[in-house]
Every structure is written in C-alpha cells, then in structure tokens.
Amino acid sequence: MTAEPRTAVETHCPYCALQCGMSLRGTEVAPRRFPTNGGGLCQKGWTSGALLDSPARLTSPLIRVDGELRPANWAEALDLIAARLVALQAAHGLDSVAIFGGGGLTNEKAYQLGKFARVALRTSQIDYNGRFCMSSAAAAGNRAFGLDRGMPFPVTDLAEADVVLLVGANPAETMPPFTQHLRGADLIVVDPRRTPTAELASLHLAPSPGTDLALALGILHAVVADGHLDQSYVDGRTSGFADAWRIAAAWWPERVERLTGVSAADQRRVAAKLASARNAYVLTARGTEQHASGAAMVSGWINLALSLGLPGRKGSGFGCLTGQGNGQGGREHGQKADQLPGYRKIDDPAARAHVAGVWGVTPESLPGPGRSAYELLDALATDNGPKALLVFGSNVVVSAPRSSHIADRLADLDLLVVADLVLSDTAALADVVLPVTQWAEEDGTMTNLEGRVLLRKRAVEPPDGVWTDLEVISALATRLGQPAERFSSDAETVFTELRAASRGGLADYSGISYDRLRSGEALFWPVPEVEHPGTPRMFLDRFAHADGRARFAAVDHTGPAELPDADFPLQATTGRVLQHYQSGAQTRLVAELNDVVPEAFVEVHPDTAERAGLADGDWAVVASRRGETSARVRCVTSMRPDVVFLPFHFAGAQRANLLTNPALDPTSRMPEFKVCAVRLVRSPV
C-alpha cells in the first residue's frame with residue numbers, strides 16, 4: 001500500500017447496512033457525524049482499518065496444482081478460468097456455469113455480475129447470499145406494498161416514535177449506533193433470547209422459536225377484539241382485510257399463549273401500546289425472517305401494522321432492518337436468480353426488452369430465471385447442475401445451511417473460482433483464487449438500510465497485485481469474446497449504465513449521479529430524474545400497487561419445519577455477536593475483535609446444561625439431524641430451557657450451520673436458519 005494520505009477521506013463503514021459515516025487516513029479510522037450513526041461507531045467499525053494492511057491479505061492469484069494452491073500471475077489465472085468455462089459450457093450447456101454473489105458487493109459489482117452472467121456466460125444460474133438474509137422481508141414487502149425498500153423512511157424518523165415494536169432484531173449487538181434512534185421510544189422486543197436489545201425494552205416477549213406468526217396473529221386479534229382497529233385506514237388505503245381477519249379470528253391470545261409461551265396479557269398490552277401511540281413503528285429483522293415460513297411471518301407483522309394504520313403515515317410505519325452492507329442495493333440490480341436491474345422481473349417481456357436495449361443484446365438472448373441460492377448450491381456437480389462456480393463476496397462454506405453438504409458439493413465441482421481479499425474458508429477449497437480489493441481501496445456506491453444511495457470513495461491504494469472485482473469481470477468477459485467496451489472496469493462508468501438500466505423500474509436510480517453524490521446530496525431511491533430530490537419517505541399518498549392500496553395477506557401459522565423429539569429435544573437458534581460479522585472471515589483476522597470472542601459458544605439455561613451433564617465453560621457437542629458442531633457452554637439464566645443459541649461466525653468444526661435446516665420458504669426460498677431440533681451432550685475431548 002502507498003504512503004498514508006495527508007488528509008482524511010470521508011467514507012462509510014464496510015460492515016452492516018447502517019453504513020456509518022467515518023473518515024479514513026491510511027488505516028486510521030475516525031467516526032464522523034452522519035444521520036445513521038450520529039458520530040458513533042461500534043467495535044467493528046473502529047477496527048475496520050486493520051484489514052487494510054493485514055498480513056492475511058491475498059496479493060497474488062492462486063492456482064491449485066497437485067492439490068495445493070500455488071501463486072500464479074493474473075494472465076495465467078484468467079486464461080485458465082476462461083478456457084475451462086468455455087470447455088464446460090461446450091460439453092454441458094450454458095447453465096453448467098454458475099455465479100454466486102454477495103450482499104456486501106457495491107451496486108456496480110452486483111449489477112455487473114448479473115450482466116456478466118446473462119450476457120457473457122448466458123447462464124441463468126446466478127444468485128447471492130442475500131437470499132439468506134432479506135428475501136423473506138422482500139417477498140412480504142412486495143406482496144403488501146408493491147415494492148420492497150426495507151425502511152421506506154429515514155432512520156432518523158424513529159427519534160420521534162412513541163412506541164417501537166422490534167421483532168427478531170438485536171441491534172444493540174449487530175448495529176449498536178442504531179439504538180440511539182430508539183432512545184425516546186417505548187421499546188417492545190420480540191426475541192426468544194433476552195438479548196442486550198431486549199434489556200433496553202420496557203416489554204420483552206420471548207416466544208418459542210418458529211412461532212412468531214402465531215404471536216402476530218394473536219396481537220392482531222387483540223387489536224380487533226379490543227377496539228383498536230383503524231377502520232377508516234383499512235377501508236381507504238388497504239385491501240384483503242376480511243381474508244386476513246378470518247384467520248386471525250381463530251387465534252385468540254389465550255390460544256397463542258399456549259403455543260408461544262407469551263402471555264395473553266402481554267399480547268393485549270402490545271396492541272394497546274401501539275394503538276394509543278401518536279407515532280409508532282413495527283420493525284422486523286432476521287429472527288422472524290429466516291424461516292421456512294419467513295415470508296408469511298413478515299406478512300403477519302405487516303398485517304398488524306396495517307390494522308393500526310401505520311404504513312404510509314409520516315411519523316409511523318413498517319420497516320425491515322437490512323443486515324449486510326449493501327443488502328438493499330444488492331437485491332435490486334440483477335444478481336438475484338429472477339431479477340434484472342431496477343428491481344425488474346426477468347420473466348417480464350417489457351423488462352427484458354428495456355435491459356437488453358441498454359446492454360446491446362437481443363431480449364431473446366437473455367436466459368430466464370435460475371435456481372435460488374440454496375437450490376443452486378445443492379445442485380452443484382450433480383447430473384443436471386452446474387459444473388463450475390464463480391464466487392464473489394461470499395463465504396458459503398460457513399454461511400450456507402447444512403454447510404458440510406455444501407462443502408461436499410463444492411469439492412465435487414470441475415472448477416471453483418473464488419474472488420476474495422483473504423483466503424476464506426470457501427477460497428481454501430477453490431481451484432483458482434483471485435485477490436481483490438476491499439472497501440477503502442475502490443470507488444463504488446452502496447444503498448443503506450433506509451434506501452439512501454451513498455458514494456464510498458477510494459481512500460487508499462490497494463496492495464500491488466490486487467485487482468478490483470470490476471477489473472476481474474471485465475478481463476474475463478473479454479476473454480469470453482465480449483467487446484471490451486461492454487464491460488467497463490471503471491465504477492462510475494458502470495454506475496452510469498446502471499442508471500439507464502434501472503430507469504422506469506421500481507428501484508429507479510436514473511436521476512442519481514456520482515456528481516450529485518459527491519456534492520453531498522441525500523438521495524433516497526426512487527430518483528427518476530436528475531432534478532428529482534429523491535424519495536426519503538415512501539407511500540405517503542399511495543402504495544406501489546396499481547390500485548394504490550396496501551394488501552393484507554391471508555397467512556396462517558404453520559410452525560417450524562422440524563420439531564423436537566426424544567432424540568433431539570431442544571431447539572437451536574443462531575445469530576450474531578457484537579465483535580464478529582457474518583461468516584467471520586474478516587473479523588476473525590482482527591485481533592482486537594477475535595481476542596474477545598475467539599471461539600464458538602452455546603448459550604443454554606443452567607438447568608438444561610445440568611441435565612446434559614455440562615457446566616459453564618465445558619465443551620459441548622450440539623447435534624442435529626444434519627451434523628454436529630463443537631461449542632463452549634455459556635450458562636445464561638434468562639434462556640428458555642428448551643432453546644439453545646449459537647453464533648454462526650466460526651469455521652471448521654465450530655460452524656453453527658453444520659446444524660441448520662435447508663427447508664425453504666415456498667415464496668422467498670429462504671432456508672430455515674433460525675430453528676432446528678438439536679441435542680446437547682458433553683464433548684468427548
């Protein structure tokens with residue numbers, strides 16, 4: 001890396017979707033005042049500069065020779081990849097090559113990956129790890145509002161809230177600066193665990209994992225039965241209430257109490273608090289979304305918000321807390337299996353014609369929808385599945401459910417290519433590894449959890465030998481016969497094309513430019529014209545459905561895909577801790593973070609631990625029907641006796657996702673990360 005610049009560069013944190021404002025001088029991080037973080041940073045943000053000069057950085061391509069990864073030059077690596085891709089497609093068809101992207105990639109990269117798949121490779125087989133994060137929330141939002149923007153209002157609006165119902169979220173650990181926006185509110189938290197966020201709440205509801213929808217139905221029942229329904233709003237701005245109520249009518253709070261463990265009195269208390277508030281919000285996150293019925297669960301909470309007249313009213317609303325850094329933008333511009341840029345559907349003829357025109361190809365040449373993330377990974381190296389996989393910005397060996405099976409599928413591929421900044425657990429299995437830049441070493445835009453598009457400027461030069469993902473895509477595309485000008489490696493040029501491709505779509509970025517972002521404009525999509533000021537608050541006049549109304553969803557509780565039994569009597573749920581992020585590939589390399597939480601642990605009630613012959617600090621084996629993982633016991637008196645919790649940041653034998661259930665939501669194709677049946681035993685070592 002070159003010498004440190006004399007002046008600090010204003011940028012944003014590389015981790016979560018809050019995209020906290022910070023300044024960077026060399027590797028030295030300083031917080032700056034920005035609406036989402038108000039000048040605060042969490043531990044991950046403060047230490048984010050440590051990876052910029054980490055000795056773990058990759059600085060040369062690696063090619064597997066005789067079973068070992070050995071350094072190679074870029075031409076050698078790229079030529080090898082291109083030749084293998086061409087040969088595999090000639091032998092097995094276009095869909096024999098697949099791409100797996102990430103929710104941390106910039107908008108430009110996500111866009112270019114989707115274009116590369118459909119134009120250079122002409123494969124339908126592309127999806128990304130955001131399918132494991134926001135897909136249920138997106139499906140429910142699209143169904144209810146006609147459009148998915150996680151938070152359709154600025155996060156600073158929460159400061160005026162009287163009551164906030166927070167479902168399945170633990171921002172006190174996952175995005176600590178966010179909690180400052182909740183300080184003035186009467187906070188209600190729904191979470192099976194008594195998390196640090198639940199400690200901030202006036203009321204904590206701890207349902208059995210997988211019963212969130214029943215709880216939402218019970219609270220909706222109380223809203224109607226206790227006279228809190230906003231009838232004028234329901235009549236004037238929504239449709240479908242009668243069908244939704246027909247289901248909720250059968251879920252009286254006492255029935256819900258028997259199933260969830262949440263008292264009927266507390267359900268009624270939540271209904272009354274929300275109804276009596278001048279300004280109120282219902283916010284959801286992964287805890288209620290990562291289920292085989294996740295889309296229905298989120299719809300249940302949207303139904304509750306609609307019954308109280310919250311969405312589309314300034315000072316109130318419904319929103320989902322996006323997790324990954326570009327989890328919002330990453331799901332808008334084409335790296336999803338069924339999507340084209342601008343949040344268009346790939347099977348829509350008008351969308352295909354528009355995007356094909358921007359790309360300079362025929363609509364007929366574009367492939368149709370492909371497999372969703374888990375289905376794609378599960379199909380690898382099977383008779384009808386892809387034989388090659390290119391991975392950008394994801395560590396699926398740790399993050400995918402039933403992860404030992406996914407590692408086996410990767411190992412059977414004819415070609416695995418991974419672009420990453422360090423040798424992640426997935427990269428370690430690759431045939432070719434490409435060293436790429438990280439956040440501070442490249443220009444690009446991110447779209448944060450409130451739909452604001454941000455310009456993240458290059459602050460330092462990358463190490464010698466490291467390329468940007470855009471340079472990699474461009475070089476591969478030309479080797480595959482594409483005109484050089486079709487796949488630019490310049491971020492601003494790619495964004496200009498993205499603007500054209502998104503024009504007229506739901507996520508319309510056509511009025512956003514780098515110049516406007518450089519000048520400091522706060523631009524929330526949609527921004528359909530260069531003179532348009534952006535849309536910080538959506539749905540104030542109408543929702544995005546053709547009739548302008550929001551739609552109640554007729555959803556009913558089904559429960560977890562897998563229930564406890566005599567062999568697996570407990571339920572496991574997974575999540576994050578303050579010091580680590582996602583698969584931990586980066587944060588486990590930062591000593592200041594890893595020294596605090598260096599190993600996997602399992603939170604368990606002391607009585608449950610005692611029945612298993614375990615004490616605090618012992619090593620335990622947590623086993624499910626799919627595999628087992630090792631974790632150190634933490635006895636926590638606030639845990640439900642029938643539930644254990646594991647963080648999913650750790651590798652090898654400590655992977656929580658060795659346990660998790662790949663049962664998929666029928667709409668969103670989200671796996672059931674948040675609940676599976678397990679048993680707890682003493683580790684033999």
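With 685 residues, this protein would have a radius of gyration near 26 Å if it were a compact globule, and it has 24 Å, which agrees. Keep in mind, everyone, that we are looking at a predicted model. Along its principal axes, the C-alpha trace spans about 70 × 65 × 55 Å.

Let's stay with the whole protein for a moment. How many helices and strands does the protein have? There are 22 helices and 30 strands. Of the 685 residues, 64% are buried. Now take the contacts between residues at least 6 apart in sequence: 72% of them join residues that are at least 24 apart.

What about the outside? The accessible surface comes to about 22,500 Å², and 49% of that belongs to carbon and sulfur atoms. As for charge, the protein has 66 positive and 77 negative charges, and the mean positions of the two groups are 3 Å apart.

Now let's zoom in on one helix. Please find helix 9, which runs over residues 241–248. Which residues of helix 9 are buried? They are F241, A244, I247 and A248. Looking down the axis of helix 9, you would see these buried residues fall within an arc of 130 degrees, so they line one face of the helix. And what do the buried residues of helix 9 pack against? Their partners are helix 7 (212–225), helix 8 (231–237), strand 11 (238–239) and helix 13 (294–307).

Next stop, a tryptophan. W46 sits in helix 1, which covers residues 43–46. The relative accessible area of W46 is 46%, so we call it partly exposed. Leaving aside residues up to four places away in sequence, W46 touches V29, A30, P31 and L41. If you want a sense of distance, try Y514: it is 468 residues from W46 along the chain, and their C-alpha atoms are separated by 27 Å.

One of those neighbours, A30, takes us to a glycine. The C-alpha atoms of A30 and G627 are separated by 43 Å, with their positions 597 residues apart along the chain. You will find G627 in the loop between strand 25 (619–623) and strand 26 (628–635). Is G627 buried or exposed? In fact G627 counts as partly exposed, because its relative accessibility is 23% and the cut-off for buried is under 20%. Again leaving out residues up to four places away in sequence, G627 touches V622, L658 and L659.

Let me finish with some backbone details. Most residues other than glycine have a negative phi, and most peptide bonds are trans. With that in mind, look at R402, where phi is positive, near 50 degrees. R402 lies in the loop between helix 16 (396–399) and helix 17 (403–411). At 31% relative accessibility, R402 is partly exposed.

Phi of Q582 is also a positive value near 50 degrees. Where is Q582 found? It is in the loop between strand 23 (570–575) and helix 21 (591–594). Q582 counts as buried, because its relative accessibility is 18%.

And the last one is a peptide bond. W525 and P526 are joined by a cis peptide bond, with omega at about 0 degrees. To find P526 on your screen, go to the loop between strand 21 (523–524) and strand 22 (550–551).

Thanks for listening!

Key. Residues are numbered from 1 along each chain as its sequence is written. This is a predicted model: local features need pLDDT of at least 70, side-chain atom pairs count only at pLDDT 80 or more; totals for chains, interfaces and linings use all residues. Side-chain values use heavy atoms; hydrogens and water are left out. Helices (H or I, at least four residues) and strands (E, at least two) are DSSP runs, numbered from the N terminus. The radius of gyration is taken over C-alpha atoms; the globule rule is 2.2 Å times the number of residues to the power 0.38. Buried means under 20% relative accessible area, exposed over 50%, partly exposed in between (1.4 Å probe, protein chains only). Contact means heavy atoms within 4.5 Å. Accessible areas come from the Shrake-Rupley method with a 1.4 Å probe; for residues, only the protein chains shown count as cover. Lys and Arg count as positive and Asp and Glu as negative; His and the chain ends are not counted. The place of a charge is taken as NZ of Lys, CZ of Arg, CG of Asp or CD of Glu. The arc is that of the directions from the helix axis to the C-beta atoms.
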